[in-house]
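Hello,

Here is the structure I promised to pass on to you. Please open it first, and then read my notes below.

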Amino acid sequence: MKMPTSRPVVLCLSGHDPSGGAGLQADIEALLAQGCHAAPTVTALTVQDTVNVADFRVLDRDWVLAQANAVINDLPVEAVKLGMLGSVEMVETVLEIMQRLPGIPLVCDPVLRAGGGGALGKDEVGFAMRERLFAVSTIATPNLPEARILAELPEGSADECAEKLLPYIRHLLITGGHGDEHQVHNRLYSRDGSRHTFTCQRLPGSYHGSGCTLASTLAGRLALGQELVSAVQFALDYTWRTLRDAEQPGHGQYIPRRLPLDFCQ
């Protein structure tokens, strides 16, 4: 006899990466590993590999709305994860979708650059996220280069970027994987003034899909009902293990090995 799923559903709004390293495939794999059900809605198609992105095309607004509404009408969505949006119009589309999901936690991964450095949207997309989308988000998870774009501080520190961005969002996790220090410092800032720093050993090499893995894992933990700070710590630990065990299937960056929790010890 078939039984109704007990796995919480996470609606994922992100781009498709044909290399399978980032985007919706990363979301699906990471959420499966958390014991969640991923409901992927495609926002953009990309031409990319493990080296860099060559081109992208944002889907028509009506197609994205139709995908998301089909999920919302059928499945009990417990959390939403945002990845690549690619256009200001897609920011507005997400706002319309979130009107149907009041009170549902939203994890915003402001994907503005590919791992190889290629742009995945013009800077005004980041500004639209900051001005419009952050208000309905539970947390944003930019790396430091993305935080600098969002804060309009080209040389800003994590603390300086957070001070600029916290009026727009309740919680902000600025990851430190793009630095060169021996240890990585990931910093969680909250509008109430609380701060947490999570430190881990820096791993050699560069990785394709680490930000997607982190954000989708965090969305999954929130969907499971985990408290925010604990969920952030859990997502960071899990992501680090996927990077520790990463593989290099192509000629470019390593791809996180997003195995279920039992295999990532």
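Tyr207 is buried, at 16% relative accessible area, whereas Tyr254 is partly exposed at 31% (buried is under 20%, exposed over 50%, partly exposed in between, with a 1.4 Å probe and protein chains only). This is a predicted model, where local features need pLDDT of at least 70 and side-chain atom pairs pLDDT 80 or more, while totals for chains, interfaces and linings use all residues. Residues are numbered from 1 along each chain as its sequence is written, and side-chain values use heavy atoms, leaving out hydrogens and water.

A search of the whole structure gives 1 aromatic pair. Tyr207 and Tyr254 form this tilted pair, with 5.9 Å between centres and 40 degrees between planes (Phe, Tyr and Trp rings, the six-membered one for Trp, pair with centres within 6.5 Å; under 30 degrees is stacked, over 60 edge-to-face, the rest tilted).

Now to the interior. The largest nonpolar core has 44 residues, and Leu11, Val77, Val80 and Leu133 touch the most other members (such a core is a set of buried Ala, Val, Leu, Ile, Met, Phe, Trp, Tyr and Cys residues joined through side-chain atoms within 4.5 Å). Another core, of 23 residues, lies apart from it and includes Leu24 and Val232.

Ser87 is also buried, at 17%. Its contacts include Val58 and Val125, leaving aside residues up to four places away in sequence (contact means heavy atoms within 4.5 Å). Thr43 is 44 residues from Ser87 in sequence, yet their C-alpha atoms are 9.7 Å apart.

Enjoy exploring!
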